Amino acid sequence: MREFTVNKNDAGQRLDKFLTKLLPAMPQSMLYKSLRKDCVKVNNKHIKDGAYKLSEGDTLKLYVKDEFFEKPKADNAFLNIDADISVIYEDENILLVDKKQGICVHADNEGSTNTLIDHIKSYLYNKGEFVPEEENTFVPALANRIDRNTGGIVIAAKNAETLRILNQKIKDRELEKKYLCLVWGHLAKKSGTIKGYIFKDEVKKQVYFSSESKKGSKTAITNYRVIKEYSDHSLVEAELKTGRTHQIRVSFAAIGNPLLGDGKYGRNEINKKFPYYGQALYSYKLKFSFSTDGGILNYLDGKEFTIENVEFQKR
């Protein structure tokens, strides 16, 4: 038997969700069987309902084998990393980081541990704001993701309540994100909307843009405005109205203005002339624009953050 006390970051969760994180080696079928067989006590009472909501201070007693508590060794890989992040803004709840191009936000298929989230964990650990020994299930987490070869603002949550709020705000489109990009050629209209449908090929990890809806496709809407034109390319600001995989990259490629440096949706003969690593795409502006209650994050409503020195813009 092992005993746990529900802390602030665990409170508000369903019991089954909490147990899934706490017992990573236990199959889901066995987890629910353990609930039915009275192997779980909350405040000394047998609880069979996985939907039971936990409260701070609750005491859990789990009558399961020790082997189910074993966690992957990679969980603590951040302890061997010297944190190297560029902080844009930070308070007790969130951390805004300027992710450089070429860095993965999470571990890739090769199991890389030199990721943004590991650097963030290391940073918070060294500050004493993340103490793994005091947490049952929570670890600092990212609320948004950016492709490896795209740079820009990434939001990290320092506590579970912040993560829940941010996830909902992003789902409800209450965070405005704008991107800078260099595209080939000149656009016919200096501002407008690219609207179509995107289908994702999970095997090839690639998406396809179409003007017509197809089975499995999703609507993709991108607003844009041209900031400056050069001899053979343009600096453009893009704003996502939907959040699809590779949306900006494939949308501009579809209208004949691919991003410079984009090896997947661009043109090799053009990219060879572009002296920059990765696609010229940067999530450079973030605004918190709440239309509903933001809870402990209400103070962020209306705040805007901008990365002023985007490398390809300077060049």
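## A walk through the predicted model

Three bridges join strand β2, covering residues 40-42, to strand β4, covering residues 59-62, and the two strands run antiparallel. Within this pairing, V42 stands opposite L60 of β4. The coordinates behind this description belong to a predicted model, and the pairing just described is a convenient place from which to start reading it.

The β2 and β4 strands belong to an open sheet of four strands, whose order is β1-β4-β2-β3 and whose pairing is antiparallel. The edges of this sheet are formed by β1 (2-5) and β3 (45-46), each of which pairs on one side only. Helix α1, made up of residues 15-22, lies across β1, β2 and β4, and its direction makes an angle of about 60° with β4.

A second helix, α2 (residues 28-36), packs against α1 at an angle of about 125°, and the axes of the two helices are 11 Å apart. Because an angle of about 125° is neither under 35 degrees nor over 145, and also lies outside the range of 65 to 115, α1 is oblique to α2. The crossing in which α1 passes α2 is right-handed. On the side of α1 the contact is made by L15, D16, L19 and T20, while α2 contributes Q28, L31, Y32 and L35. Sorted by character, the residues of this contact comprise five that are nonpolar, two that are polar and one that is charged.

Before moving further along the chain, it helps to set these elements in the context of the whole. The protein has seven helices and 15 strands, and its C-alpha trace spans about 75 × 45 × 40 Å along the principal axes. Of its 315 residues, 45% count as buried. Among the contacts between residues at least 6 apart in sequence, 66% join residues that are at least 24 apart.

The next hairpin to consider is the one in which β5 is joined to β6 through three residues. Here β5 (residues 87-90) and β6 (residues 94-99) run antiparallel and are joined by three bridges, and the bridge partner of Y89 in β6 is L96. One residue of this hairpin region, I94, is also touched by T162, which, not counting residues up to four places away in sequence, touches N93, A157, I296 and L297 as well. T162 itself is found in helix α4, which covers residues 160-171. With a relative accessible area of 0%, T162 falls under the 20% limit and is therefore buried.

Further along the chain, strand β10 (residues 191-201) pairs with two other strands. With β11, which covers residues 206-210, β10 pairs in the antiparallel sense over five bridges, and the partner of Y197 in β11 is S210. The hairpin of β10 and β11 has four residues between the strands, and in this hairpin K205 takes a positive phi near 55°. With β12, which covers residues 218-229, β10 pairs in the antiparallel sense over eight bridges, and in this pairing G196 stands opposite A220 of β12.

F199 offers a view of β10 from the level of a single residue, since this is the strand in which F199 lies. Leaving aside neighbours within four places in sequence, F199 is in contact with Q206, V207 and Y208, and also with K215, G216 and S217. The C-alpha atoms of F199 and S210, which are 11 residues apart along the chain, are separated by 8.1 Å. The relative accessible area of F199 is 35%, which lies between the limits of 20% and 50%, so F199 counts as partly exposed.

From β12 the description continues to β13, with which β12 forms a hairpin that has three residues between the strands. These two strands pair in the antiparallel sense over seven bridges, and V226 stands opposite V236 in β13. Strand β13, covering residues 233-240, also contains E239. Leaving aside neighbours within four places in sequence, E239 is in contact with E176, K177 and K178, and in addition with I221, T222 and N223. Its relative accessible area of 18% is under the 20% limit, and E239 is therefore buried.

Notes
Residues are numbered from 1 along each chain as its sequence is written. This is a predicted model: local features need pLDDT of at least 70, side-chain atom pairs count only at pLDDT 80 or more; totals for chains, interfaces and linings use all residues. Side-chain values use heavy atoms; hydrogens and water are left out. Two strands pair if DSSP finds at least two bridges between them. Contact means heavy atoms within 4.5 Å. Axes are lines fitted to C-alpha atoms, for helices over the stretch in contact, and angles run from 0 to 180 degrees between N-to-C directions. A crossing is left-handed if the near helix is turned anticlockwise from the far one by less than a right angle, and right-handed if clockwise. Ala, Val, Leu, Ile, Met, Phe, Trp, Tyr, Cys and Pro count as nonpolar, Asp, Glu, Lys and Arg as charged, and the others, Gly among them, as polar. Buried means under 20% relative accessible area, exposed over 50%, partly exposed in between (1.4 Å probe, protein chains only).
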